[in-house]
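Here are my notes for you on this one, as numbered points. Keep the structure open beside you and look up each place as we get to it.

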Amino acid sequence: MAALRLAACATVAVQLCLVLSPSHSLRWLSDGKPESTAGHGHDSYRTAYHFHPANNWQDDPNGPMYHKGVYHLFYQYNPLGATWGNGTLSWGHSVSGDLVNWAALDNALDPTTHFDVNGCYSGSATTLPDGTPVMLYTGVNATLVQVQNVAFPKNASDPLLREWVKPSYNPVIPLPGDVLGRRFRDPSTAWLGRDGLWRVAVSAGFKDGTGSTLVYRSKDFRQWERNAEPLYSSGDAGMVECPDLFPVADPSVQKGLDFASRNDAAWHVLKLSVMATQQDYYVVGLYDDAADTFTFAGDNDCRTWQRFDYGHVYASKSFFDAGKKRRVLWSWANESDTEPDYVARGWAGVQTVPRKIWLASDGKQLLQWPIEEIASLRKTRVGLLGAEVNAGGMNEITGVAGSQADLEVVFDVPSLEAAENLGPNQLLDPQKLCEEKDASVRGGIGPFGLLVLASVDLQEHTAVFFRVFRHDGKYKVLMCTDLRRSTTRASVYKPPYGGFVNVDIEKDRSISLRTLVDHSVVESYGGSGRTVITARVYPEHAKTTGSRLLMFNNGTRVVKVAKLDAWEMKAAAMNGPTEGPTTAG
Ligand code: DQQ
């Protein structure tokens with residue numbers, strides 16, 4: 001393993017000039033070889049533009065930041081293999097000029113010292129007023145107790161922040177007496193109060209099953225004192241991990257905010273990751289910066305809050321991109337096949353594409369969209385204007401390789417007359433509704449959408465679609481990503497994922513869908529980023545043949561395609577040599 005890592009480092013100089021070059025016009029892969037036009041690498045599931053290290057296991061995104069013109073992503077990384085690596089977790093570290101093309105550096109943090117010798121768990125970056133970044137992270141100490149540590153760059157003027165120093169005075173926040181030793185972790189980005197004290201949010205689990213988000217205050221990042229009031233506390237959902245608290249601007253302004261611009265903040269967002277469901281939930285509310293409390297309308301059980309993603313992602317973390325004045329979200333998309341499968345592949349876990357997030361005009365929901373830089377990977381384009389998909393019909397999208405694509409479609413639904421009726425109970429569980437009324441079940445208005453990663457005979461395909469229902473005199477739009485036919489392989493988790501899309505279809509008479517296809521990822525944005533579903537998929541056919549892309553309509557009314565743009569995507573430079581696909585196929 002050490003040898004592998006060294007080999008990767010030897011290419012770092014070449015990679016860096018590519019990933020950090022101002023034009024970012026990558027003509028060459030990071031190992032210096034020209035882009036191949038050959039078909040498939042032997043690992044047909046390796047993503048071409050979704051972030052992953054060259055090998056081994058990754059999970060949560062950690063400490064994302066923008067520093068001296070360079071984007072940094074750290075991530076939970078097991079240097080010893082493709083499993084989670086209890087006891088051996090490090091912080092992998094990659095840098096980028098554009099959040100798309102990445103070069104790997106040496107690990108930023110390894111479990112070396114009594115306060116983290118059993119693992120460097122998740123944490124976050126904070127930029128001090130003088131521009132120096134500081135990391136707060138969880139260490140699993142020599143007695144397997146979780147504590148919070150601090151780390152500083154050895155040389156903060158190095159834009160690459162290659163070396164990190166862990167002061168010997170760690171841990172800076174030892175385990176409190178009332179918190180369980182294995183339930184105290186994941187410090188957030190710290191924020192500075194008007195009183196000149198720093199605050200940080202930390203997850204804590206108690207004996208009685210309560211999961212809390214505690215707040216600590218400090219003047220120097222060294223001595224921390226716990227606030228009596230937690231930011232959040234509930235016995236309903238159990239342990240909550242990876243808290244993220246951030247300000248959002250008034251909906252009329254799409255710009256992101258950091259805590260320093262609190263005067264522009266209309267609201268704050270609290271995101272929590274629920275360990276039991278492995279899902280992230282967020283709510284928009286009011287943060288009181290004197291009492292360090294957070295209030296919101298709605299249920300205290302965070303599992304009733306909104307979700308960034310109705311698919312298979314977890315442990316998301318946002319950061320303020322001071323370069324482009326936006327808030328960017330990363331999330332981990334774990335594998336959905338078995339441990340022996342990903343051990344055999346030698347890698348596990350990808351990140352969703354970085355997403356810009358901002359508050360929707362209703363003031364309650366966040367909108368999400370792939371950062372604009374993703375479009376730099378678009379190459380061959382096919383487009384359609386004013387096409388139709390007949391009732392019960394399918395239209396093939398040709399001219400774009402189907403395993404590495406970015407598709408944007410606007411569907412027009414001129415009449416809603418044929419919409420199916422929806423009972424009140426069916427509103428409660430969109431995933432169940434996607435299962436009962438899958439793409440093969442004839443509807444009225446829909447199901448219509450895309451079939452991606454489809455085999456020649458269509459035996460394998462992932463269906464991403466909408467269905468319009470009538471409920472209580474109004475209309476509801478359901479979005480589904482159905483994985484049940486995504487692979488003929490058994491032992492793969494392949495549910496139908498679903499969420500309602502908060503649009504007024506009666507007024508708009510149209511709905512948009514953007515789907516990013518990347519070998520084993522199908523990441524879809526419905527209703528201009530109102531509902532997002534990310535899935536991991538493992539089509540068998542992709543080992544030997546290309547994949548088809550189609551539009552389909554299994555409703556009883558024609559659906560108009562007001563606009564379709566489909567791009568084949570280039571491979572991003574992705575952390576050094578890989579054995580996966582280098583180009584679409
Ligand atoms: N992953 C980390 C923990 C965190 C969990 C360990 C969430 O710090 O709570 O890899 O996925």
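1. Let's start at Pro447, which sits in strand β29, the stretch covering residues 445-454. The bond leading into it deserves a look: Gly446 and Pro447 are joined by a cis peptide bond, with omega at about 5°. Bear in mind that this is a predicted model.

2. Where else does a cis bond turn up? Go to the peptide bond from Asn170 to Pro171, which is cis as well, with omega near 0°. Pro171 belongs to the loop between β8 (164-165) and β9 (184-185). For background, most peptide bonds are trans, and most residues other than glycine have a negative phi.

3. That second habit of backbones brings us to Lys68. Lys68 isn't a glycine, yet its phi is positive, about 50°. You'll find Lys68 in the loop between β1 and β2. Arg509 is another non-glycine with a positive phi, this time about 55°. Look for Arg509 in the loop between α5 (505-508) and β33 (510-518).

4. Now zoom out to the domains. The domain assignment gives domain 1 as 5-35 plus 378-569, and domain 2 as 56-332. So domain 1 is written as two stretches of the chain. Taken over C-alpha atoms, the centres of domain 1 and domain 2 are 31 Å apart.

5. Next, a sheet of 5 strands. It is open, runs in the order β4-β3-β2-β1-β21, and has mixed pairing. Why do β4 (103-109) and β21 (347-348) each have a side without a neighbour in the sheet? They stand at the edges and each has a single partner strand, so one side of each is left free of a neighbour there. Within this sheet, β1 and β2 (residues 70-78) pair in the antiparallel sense over 7 bridges. To find the pairing on screen, look for Gln58, which stands opposite Tyr77 in β2.

6. There is also an open sheet of 4 strands, ordered β15-β16-β17-β18, with antiparallel pairing. Its edge strands are β15 (240-249) and β18 (293-295), and each of these pairs on one side only. From one strand to the next, the twist averages 40°. Strand β17 (residues 279-288) and β18 pair in the antiparallel sense over 3 bridges. A handy marker is Leu286, which stands opposite Thr295 in β18.

7. Time for the ligand. Which residues come nearest to the ligand? They are Asp59, Asp60, Gln76, Arg185 and Asp186, out of 13 residues around the ligand. The shell divides into 6 nonpolar, 2 polar and 5 charged residues. Several strands contribute here: β1 (56-67), β5 (120-127) and β19 (314-321) each supply at least two residues of the shell.

8. Finally, the polar contacts with the ligand. Asp186 has a side-chain N or O atom 2.5 Å from an oxygen atom of the ligand. For Gln76, a polar side-chain atom lies 2.8 Å from a ligand oxygen atom. Glu241 also takes part, with a polar side-chain atom 3.0 Å from an oxygen atom of the ligand. Is the ligand mostly covered or mostly open? The protein covers 93% of the 310 Å² of accessible area that the ligand has on its own.

Key:
Residues are numbered from 1 along each chain as its sequence is written. This is a predicted model: local features need pLDDT of at least 70, side-chain atom pairs count only at pLDDT 80 or more; totals for chains, interfaces and linings use all residues. Side-chain values use heavy atoms; hydrogens and water are left out. Two strands pair if DSSP finds at least two bridges between them. Axes are lines fitted to C-alpha atoms, for helices over the stretch in contact, and angles run from 0 to 180 degrees between N-to-C directions. A residue is near a molecule or strand if one of its heavy atoms lies within 4 Å of it. A polar contact is a pair of N or O atoms within 3.5 Å; within protein, one must be able to donate a hydrogen and the other to accept it, and residues adjacent in sequence count only if both atoms are side-chain atoms. Accessible areas come from the Shrake-Rupley method with a 1.4 Å probe; for residues, only the protein chains shown count as cover. Ala, Val, Leu, Ile, Met, Phe, Trp, Tyr, Cys and Pro count as nonpolar, Asp, Glu, Lys and Arg as charged, and the others, Gly among them, as polar.
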